[in-house]
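Trainee: I'm new to this one. Could you pick a single part, look at it closely and tell me what it touches and where its charged partners lead?

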Amino acid sequence: VIVSEWMGYCLLYEAMFDSVLLARDRWLAPGGMLLPDKATMYITAIEDEKYKNEKIHFWDNVYGFNMSCVKGAAMFEPLVDTVESNQICTSVQKIWEADLLTVTKQDLEIEAPFVLKAKRNDYCHALVIWFDVGFTQGHKEIWLSTSPMTRSTHWRQTVVYLHDELCMLKNEEVSGTVRIRPTRANKRHLDIRLTYAFDGEATNGVAGQAISKTHYYRMR
């Protein structure tokens, strides 16, 4: 039996699962138990105008000084925070799942498409990523969730702010691809590449403006 609490922010931050892989491949007997043995990751979109104004757009006017050059650095690093469930404005999509008894190190480099449909008329300011892990080899299957729809945990959620403000009508969609992989210079950090497209009600206050963007982020 191998028991390990290896999960980091956004599941893979700090690369702690690498040592579990090593132990599993060297010492876990056939039919042995790995706790947890399943993992899944999810993505959704949220309305978060208040925070974005306070922490991002704040730099446009700092006591009368234009410090907007700092906004890029503020946007570059994802935020680890507790998201309220009522902020969620779109559908939720699973972007990755793994059987930890057979997953390889290469499988931990994630790239997945997503299509998120608006649940109501609302603004979209950020995408949110979280994970669940499962203990499914025992008599009773148990899952630990870090979803914003459940009780808050140490891991909270990972919030990636868009460089645009999307005004979405109910059933409109934002689509794209998210890639998550260890940073080459420091495998404990994560690089996130987000590509998204939207052709809906309005973008950045301009009606009918279609966009397709790619932005890069780093958890460090």
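Mentor: Let's say that contact means heavy atoms within 4.5 Å. Helices (H or I, at least four residues) and strands (E, at least two) are DSSP runs, numbered from the N terminus. This is a predicted model, where local features need pLDDT of at least 70 and side-chain atom pairs count only at pLDDT 80 or more, while totals for chains, interfaces and linings use all residues. Residues are numbered from 1 along each chain as its sequence is written, and side-chain values use heavy atoms, with hydrogens and water left out.

Let's zoom in on helix H1, which covers residues 17-27. The buried residues here (buried is under 20% relative accessible area, exposed over 50%, partly exposed in between, with a 1.4 Å probe and protein chains only) are Phe17, Asp18, Val20, Leu21, Ala23 and Arg24. An α-helix has 3.6 residues a turn, so residues three or four places apart point the same way. What do the buried residues of H1 pack against? They lean on two strands, S1 (2-3) and S2 (34-35).

Now look at Asp18, an acidic residue that sits in that buried set of H1. The relative accessible area of Asp18 is 18%, so the residue falls in the buried class. Side chains of opposite charge can pair when their charged atoms come close. Asp18 has such a partner in Lys105: the two form a salt bridge (a side-chain nitrogen of Lys or Arg within 4 Å of a carboxyl oxygen of Asp or Glu), with 3.7 Å between the closest N and O atoms. Lys105 lies in the loop between strand S5 (93-99) and strand S6 (110-117), so its pairing with Asp18 of helix H1 ties together parts 87 residues apart in sequence. There's a third member to add, too: Lys187 joins Asp18 and Lys105 in a network of salt bridges.

How many salt bridges does the structure hold? The count is 14, so let me show you a couple of others for context.

Take Asp60 and Lys71, whose side chains meet in a salt bridge at 3.3 Å, N to O. Asp60 belongs to the loop between H2 and helix H3 (71-76), and Lys71 to helix H3, so this pair links distant parts of the chain, eleven residues apart. Asp60 has 35% relative accessibility, which means that Asp60 counts as partly exposed.

Then there's Asp191 with Arg218, where the closest N and O atoms are 2.6 Å apart in another salt bridge. This one runs from strand S11 (residues 190-198), home of Asp191, to strand S14 (residues 211-219), home of Arg218, so it ties together parts 27 residues apart in sequence. Arg218 is partly exposed, at a relative accessible area of 26%.

That last pair brings us to a sheet. Strands S6, S10, S11 and S14, in that order, make an open sheet of four strands with antiparallel pairing; two strands pair if DSSP finds at least two bridges between them. S6 and S14 are the edge strands, each pairing on one side only. Inside the sheet, strand S10 (residues 173-182) and S11 run antiparallel and are joined by nine bridges. Asp191 turns up again here: Arg181 stands opposite Asp191 in S11.
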